[in-house]
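Please take me through this structure stop by stop, saying what to select in the viewer and what is to be found there.

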Amino acid sequence: MRETSPRQDFMRNIWDENPVLNQLLGLCPALAVTNTVANALAMGIATFFVLTGSSFLVSLLKKLIPGEVRISAYILIIATFVTIADFVLAAVVPDIHKELGAFIALIVVNCMILGRQEAFASKRPVGRALLDAFGTGVGFMIALLMMGGVRELLGNGSLLGYAVMGPSFEPWIVMILPPGGFLTLGVILVVFGWWEERHKPRWQPVRQWTHGVDPGEMYGPGGWETGPAAIGAPGGAKQEGTF
Amino acid sequence: MSDDRKLPVVGPDIPVEGAPTEGGTPPGSAFPVEIEVPSWRLVTTLALAGALAGLAIVLVFSWAQPRIDAHRARVLQEAVQEVLKGPERYEPLFVYDGQVTDILPAGVDSTNADRVFLGFDEGGGTVGFAVQGEASGYQDVIRLIFGYDHMEGRVLAMKVLESKETPGLGDKIIKDMGFVGQFEGVLAPILGIKTGDSTGDEKEVEMITGATISSRTVIGIINDQLARIGPALDSYRVGGGQ
């Protein structure tokens, strides 16, 4: 297990190991429901609620859940929170609930959530699990809002429904259609990767490669256990300072 | 880190104490598990978790359902008000077998009849009917409600209740007043025409450029409903029956 401080538990998921931008998890909602800021916000809040609730329960009950049925138990917990979120959204904000449609129910299969339970919450104390869930939820929300902001601004000339681009602006319809999601995500990932590249610690990888040492091992045993690599997502290796 | 190291070496010939022998499978040939958790515990855990989850969902559902129903009723009520141009009051009626009736014949299910709403003005005169209809649009089913003045044969207004049409193109059938506004006072049956082809005919509605299918569906829903139940509505007179 990689040792982390409580501050790291919270902070790393917001930017350095952002679920969407770095781990490329939860892409289905990130692409599907980010055509407006309001939709992105509602999806972000719903996911935050499910993630926090599930992490709390999984961490609390980790001793009671036998390893053999842990995945079923996690999914059951997650699905319960999703169903609750579904009903609450339908009762409180029916219009947004209608817009998000099936994607609320699909939070159940968001691998970001199950990933946090399996890789983190099921092995840590409740407080740490909650910090991690808060961080991941906020990180996910930031990514969704970035997508939603760009797409609504360019595709509709507005932000949160308020026109900001002036009357002469011709909306780029493609940005609120599915291709706009892929375009926006691609551009954001390029910018994020470039930023990450610039702020990487300046150690010399060349020598390590010529000696045939897997740079992934450089950060000590267990460096792969948490975070993205544990759930087999691309981008995980990048985080550990390798290519 | 290889998991193989953890596994005890158990060959097919070595009998393992307490291991079940079934169907001729040599004992121990299945993957050994380090700590054996009795299966009753697994089943109990999941059953208990499922029961608690069910309880939580039922509690939330019983809180949310009245609110969801109330919202649905409010949306319909507002829509009726809107397409009948703010009538003093309105009452629900049925169209069944070519007749407008307030009570269905015994044994007829209300799902087999069309539910319409008849609006009245301050003086007690009729304003028109609010009629619902639906058909497949470009993406999914479009559901709408429209007001119909059966004395004049004109559409009063149209409001889309449900649509998943393409954002920015097809969804103009909901909010683009340039399109929606044209339904106010148009003579039925409606003719859908291309932008700029207007001849001043009172039956014409200009379709949305880039959303021809969605526009055509909206017009089609209204025309189809009027072709089907229009005669019944046209001949309806308050008090005098048909």
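Two strands pair if DSSP finds at least two bridges between them. With that in mind, and remembering that this is a predicted model, select B:Tyr90, whose bridge partner in strand 3 of chain B is B:Gly119. On the same ladder, B:Pro92 stands opposite B:Phe117 of strand 3 of chain B. Widen the selection to residues 89-96 and residues 114-120 of chain B, which are strand 1 and strand 3, and you have two antiparallel strands joined by seven bridges.

Next, add strand 4 of chain B, which runs antiparallel to strand 3 of chain B and is joined to that strand by five bridges. One of the pairs to display here is B:Val116 with its bridge partner B:Val131 in strand 4 of chain B. In the hairpin formed by strand 3 and strand 4 of chain B, five residues lie between the strands, and B:Gly124 takes a positive phi near 90 degrees.

Now show the whole sheet, an open one of six strands in chain B, with the order 2-1-3-4-5-6 and antiparallel pairing. Its edges are strand 2 and strand 6 (154-162) of chain B, each of which pairs on one side only. On average, neighbouring strands of this sheet are turned by 30 degrees against each other when direction is ignored.

Two helices of chain B should then be added to the sheet. Helix 1 of chain B packs on the sheet and touches strand 1, strand 3, strand 4 (126-136), strand 5 (141-149) and strand 6 of chain B, with its direction making about 155 degrees with that of strand 6 of chain B. Helix 4 (residues 212-234) of chain B also packs on the sheet, touching strand 1, strand 2, strand 3, strand 4, strand 5 and strand 6 of chain B, and its direction makes about 130 degrees with that of strand 4 of chain B.

Stay with helix 1 of chain B and select B:Glu82, which has its place in that helix. Is B:Glu82 buried, exposed or partly exposed? With 16 other C-beta atoms within 10 Å, B:Glu82 is partly exposed. Leaving aside residues up to four places away in sequence, B:Glu82 touches B:Ala157 and B:Lys159. From B:Glu82 to B:Leu59 there are 23 residues in sequence and 35 Å in space, C-alpha to C-alpha.

The tour now crosses to the other chain. In total, 20 residues of chain B are in contact with 21 residues of chain A, and the side of chain B that touches chain A has 13 nonpolar, five polar and two charged residues. Select helix 4 (residues 70-92) of chain A together with helix 1 (residues 39-83) of chain B: the two pack at an angle of about 5 degrees, with their axes 8 Å apart. Angles under 35 degrees count as roughly parallel, and helix 4 of chain A and helix 1 of chain B are therefore roughly parallel to each other. The residues of this contact divide into 16 nonpolar, five polar and one charged. Among them are A:Leu76, A:Ile84 and A:Phe87 in helix 4 of chain A, and B:Ala53, B:Ile57 and B:Phe61 in helix 1 of chain B.

Finally, colour chain B by confidence. Chain B averages a pLDDT of 82, and 83% of the residues score at least 70. Over residues 14-26 of chain B, however, the pLDDT is below 50. Where pLDDT is low, the predicted coordinates should not be read in detail. The model scores ipTM 0.72 and pTM 0.71.

Note on methods
Residues are numbered from 1 along each chain as its sequence is written. Chains are lettered from A and ligands numbered from 1 in the order in which they are written. This is a predicted model: local features need pLDDT of at least 70, side-chain atom pairs count only at pLDDT 80 or more; totals for chains, interfaces and linings use all residues. Two residues are in contact if their C-beta atoms, placed from the backbone, lie within 7 Å. Ala, Val, Leu, Ile, Met, Phe, Trp, Tyr, Cys and Pro count as nonpolar, Asp, Glu, Lys and Arg as charged, and the others, Gly among them, as polar. Axes are lines fitted to C-alpha atoms, for helices over the stretch in contact, and angles run from 0 to 180 degrees between N-to-C directions. Helices (H or I, at least four residues) and strands (E, at least two) are DSSP runs, numbered from the N terminus. Angles under 35 degrees count as roughly parallel, over 145 as roughly antiparallel, 65 to 115 as roughly perpendicular and the rest as oblique. pLDDT is the predictor's confidence in each residue, from 0 to 100. A residue is buried if 20 or more other C-beta atoms lie within 10 Å of its own, exposed if 12 or fewer, and partly exposed in between; C-beta atoms are placed from the backbone.
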